[in-house]
Amino acid sequence: MLFDPAVHEPLGDAAWSPAAAEAAIGSIARDADEALRDGDWWPLHPLDDDGETADPQHGIYLGAAGVLWALDHLARAGLHEPGHDYARLAGEALESHRRRPEVPDAAGSLWVGEAGIALVAWLLAPGPELAGRLAELAVPAPEGDTLELLWGSPGLLALADAALERTGDPRWAAAWTAIAEDLIGRWGERVPHFWTQRLYGSEQELIGPAHGLAGIVAMLARRPELLPHDRLLPGALAAVASTAIRDDGRANWPPSLSESLVHRTGTIRTQWCHGAPGVVTSLAALPREAQLDALLLEGGELTWASGPLIKGAGLCHGTAGNGFALLKLFTRTGDERWLARARRFAAHAAAQVEADRRRHGRGRNTLWTGDLGVAIFLRQCLAGASELPAIELW
C-alpha cells in the first residue's frame, strides 16, 4: 500500500463549475475581510492552535502577510471587492511583527520571519527603504542555515526571484546567484544528491518541499538563465529515483532517507509537505526527461488515487495542496485529464471549507493551512495555471 486510506476521504460528487468556484473565492475573501481584528490581525483557528503558537501571527505561512497578499491578489484578479487597504495593512503588519515577533532571531525566514513579511509589504507598496531591507536579508547564510524552504536560505531565493521578476534590477540577479551557488556548494556534503537539514535539533536528509530536497530544487530551477538546469537535473533525478517507492504505475516518497514510507505518526504522508504531491509539484520545475516524466506521472496517479485529505482543504497538508500536483502535470504535459482532475479536487476543497466553517463557526484565515490557499487554488484552476502562492506566484 502506497498511501493510507484512513487519512483520505472519497472524492465528492460535485462537478466543476466556474461560477461556483468564483462564488467560493468570493465567500472566502469576504469572510477574511470581516474577520480582521483591529490591531491584532486574524485570530488563530482552533486547528492551528497547538497551545504554543503565538497569537497574532504576522508571517506568510500562518499569519497576516499571507492573508493580505492573497486578498490583494484576488482583488487584482477581479475576484474580490477589497474591504480594506491591503497595502497599508501590509506595512502595518511588518511594523507589528518588528515590535512583537512570533519567533525571535528568525528574520531570514520566508514564511515565518521578517523576510517574507517585508517582501509582501514591498510587493503591495514598493519603496526604496523596504527594497534596501530586502537586499540586506537576501544573502547566503553560511552559519546556521537550516537548508530548507521554511526557515533557511532556499526561501530567500524566492524573495530574490520575486524582486527580480518585478523590477529586472541586476542586484536581485546577483543576490539570487550568490544564494544559489552557496546551496549548490553544499549539495551532497554528507549524502550524495541530498542536502542535510539541521532542523529542530536533529540532522537528516529530508525529501519533500517544505523542509527538504524537493523545495530546494524547485527554487533553484526557477532561473535557468542564472543556474542552468543541467547542473540540477542529474542529481535531483538520482535523488528522487533512488527514493521512490513504486507499484502498479504509482509512486510515493518517504519523508526522509532515515524513514520508511510510514511516517513516525503511523500514517503514510501523501500531501504537499511530505509525499508524492509535493515531490511532483516541485520537480515539475525541471525540464522534460523520460525517467523524470515517468516518476512524476506515477506520483500524480498516486495523488489522484489516494483522493482528498480528511485533515482539511488547505495547501500544506490538505486537498488543495494535493491538487496543485495535478495542475502541475497539466501545465507540464498539456493533458487536459490532469486539469479536469485538479478541478474535481478544487470542488471538493471548496466543499471542505464550507463544512469546516459550519463545524467551527468561523473560517480558517491563513494562506498555507487554511481557506485563502484554497481560494488561490480555485483561481489557478479557473486560469489553468499551476504556480504556487508565496513560492512562484507573487
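Cys-316 is a good place to start: with a relative accessibility of 6%, this residue counts as buried. The structure you are looking at is a predicted model, so please read every value below as computed from that prediction. From the cysteines we move on to helix H14, which packs with both H12 and H2, and then to some backbone details in the loops.

**Cysteines**

- A disulfide is a covalent bond between the sulfur atoms of two cysteines.
- Searching the whole structure for disulfides turns up zero.
- The cysteine sulfur closest to that of Cys-316 belongs to Cys-273; at 4.0 Å, the two are too far apart for a bond, because a disulfide needs the sulfur atoms within 2.5 Å.
- Seen from the other side, Cys-273 has its closest cysteine sulfur in Cys-316, again at 4.0 Å and too far for a bond.
- Cys-273 is buried as well, with a relative accessible area of 8%.

**Helix H14 with helix H12**

- Two packed helices are described by the angle between their axes and the distance between the axes.
- H12 covers residues 319-333 and H14 covers residues 371-383; their axes come within 10 Å and cross at roughly 20°.
- H12 and H14 are therefore roughly parallel to each other, and their crossing is left-handed.
- On the H12 side, the residues that meet H14 are Ala-320, Gly-323, Phe-324 and Leu-327. Their counterparts in H14 are Val-374, Phe-377, Gln-380 and Cys-381.
- Sorted by class, this contact of H12 with H14 has six nonpolar residues, two polar ones and no charged ones.

**Helix H14 with helix H2**

- H2 (64-76) packs with H14 at an angle of about 30°, and the axes of the two helices are 10 Å apart.
- That angle makes H2 roughly parallel to H14, and the crossing of H2 and H14 is left-handed.
- H2 brings Val-67, Trp-69, Ala-70, Leu-71, His-73 and Leu-74 to the contact, while H14 brings Leu-372, Ala-375, Ile-376 and Arg-379.
- The residues in this contact of H2 with H14 divide into eight nonpolar, one polar and one charged.

**Ser-386, after H14**

- Ser-386 sits in the segment that follows H14.
- This serine counts as buried, at 5% relative accessibility.
- Leaving aside residues up to four places away in sequence, Ser-386 touches Phe-324, Leu-327, Lys-328, Thr-331, Gln-380 and Glu-392.
- Among these partners, Phe-324, Leu-327 and Gln-380 also take part in the contact of H12 with H14.

**Backbone details in the loops**

- Most residues other than glycine have a negative phi, and most peptide bonds are trans.
- The peptide bond joining Asp-55 and Pro-56 is cis, with omega about 10°. Pro-56 lies in the loop between helix H1 (18-35) and helix H2 (64-76).
- Trp-41 is found in the loop between H1 and H2. Its phi is near 60°, a positive value in a residue other than glycine.
- Trp-41 counts as buried, at 5% relative accessibility.
- Asp-105 has a positive phi too, near 65°, and is found in the loop between helix H3 (86-99) and helix H4 (114-124).
- Asp-105 counts as exposed, at 83% relative accessibility, whereas Trp-41 counts as buried.

Conventions
Residues numbered from 1 in each chain as written. Predicted model: local features only at pLDDT ≥ 70, side-chain atom pairs only at ≥ 80, totals over all residues. Heavy atoms only, no water. Axes fitted to C-alpha atoms, helices over the stretch in contact; angles between N-to-C directions. Helix = DSSP H or I, 4+ residues; strand = E, 2+ residues; numbered from the N terminus. Parallel < 35°, antiparallel > 145°, perpendicular 65-115°, else oblique. Left-handed = near helix turned anticlockwise from the far one by under 90°. Contact = heavy atoms within 4.5 Å. Nonpolar A, V, L, I, M, F, W, Y, C, P; charged D, E, K, R; others polar. Buried < 20%, exposed > 50% of the residue type's maximum accessible area, 1.4 Å probe, protein only.
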